[in-house]
Amino acid sequence: MGSLKVTLCAGAALTAALCAPAAYAADGGGVSVTPASPAPGTDVTLRVPDCTEKTAVAVSAAFESDVRLSLAAGDGVLVGSSQVRSTVRAGAYAVQVKCGDDARRGTITVDERRRPDTRPSAPASPVAPVDAGGGGTARLAADSGEQARSEPPGTAHTVTGLVLAGIAAVAVAVALRSVRSRSRGTG
């Protein structure tokens, strides 16, 4: 069932990517933004073809933050995603990308009348996860420089476990014997 969900989701994403309109720069060779007229709060995808670099950064006042672009495939197209600020007003905003020695430009037209889809497009994942683990023992692990042991319990652990199990069995037997003797009235 899991592979069927993945297949259906991949097909839906591909269909959405192929059918969604894209905005191209007026000079014909810049940045494409999908969807072309997003609402505030909408996720957008940027594409920059024929860039001489392997990475770039797109900047626009409409975006929540700068967009990191990287090669998505061997076709030389840089791709990145961002979100339109939820507080941005309707209108056209410039998108600028420095691609090597060239500066690429495009526009994004924000349309307040359109409302973004409220369903998440993908599970949320941290951008910069916090190194938080181990609680109070993290300091001890960091000081010793050792990783957790991967070997199974040794002979000492086995003997200790057997001794504790024997003590528990004796304690249960004594408790049962004292309950039986009290119920008979002999104790």
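Two exercises on a predicted model follow, each with a worked solution.

Residues are numbered from 1 along each chain as its sequence is written. In this predicted model, local features need pLDDT of at least 70 and side-chain atom pairs count only at pLDDT 80 or more, while totals for chains, interfaces and linings use all residues; side-chain values use heavy atoms, without hydrogens and water.

**Exercise 1.** State how many helices and strands the protein chain has, and in what order the elements run.

Solution.
1. Helices (H or I, at least four residues) and strands (E, at least two) are DSSP runs, numbered from the N terminus.
2. The protein chain has 3 helices and 7 strands.
3. From the N terminus, the order is α-β-β-β-β-β-β-β-α-α.

**Exercise 2.** Describe the largest nonpolar core and the strands that supply it.

Solution.
1. A nonpolar core is a set of buried Ala, Val, Leu, Ile, Met, Phe, Trp, Tyr and Cys residues joined through side-chain atoms within 4.5 Å. Buried means under 20% relative accessible area, with a 1.4 Å probe and protein chains only.
2. The largest nonpolar core holds 21 residues, and Leu-46, Leu-69, Val-95 and Ile-108 have the most contacts inside it.
3. At least two residues of this core come from each of β2 (43-48), β3 (55-59), β4 (67-71), β6 (91-99) and β7 (102-110). The largest share, 4 residues, is from β6.
4. Contact means heavy atoms within 4.5 Å. Leaving aside residues up to four places away in sequence, Leu-46 touches several residues, including Val-31, Phe-63, Leu-69 and Val-95.
5. Of the 187 residues in the protein chain, 22% are buried.

How values were computed
Buried < 20%, exposed > 50% of the residue type's maximum accessible area, 1.4 Å probe, protein only.
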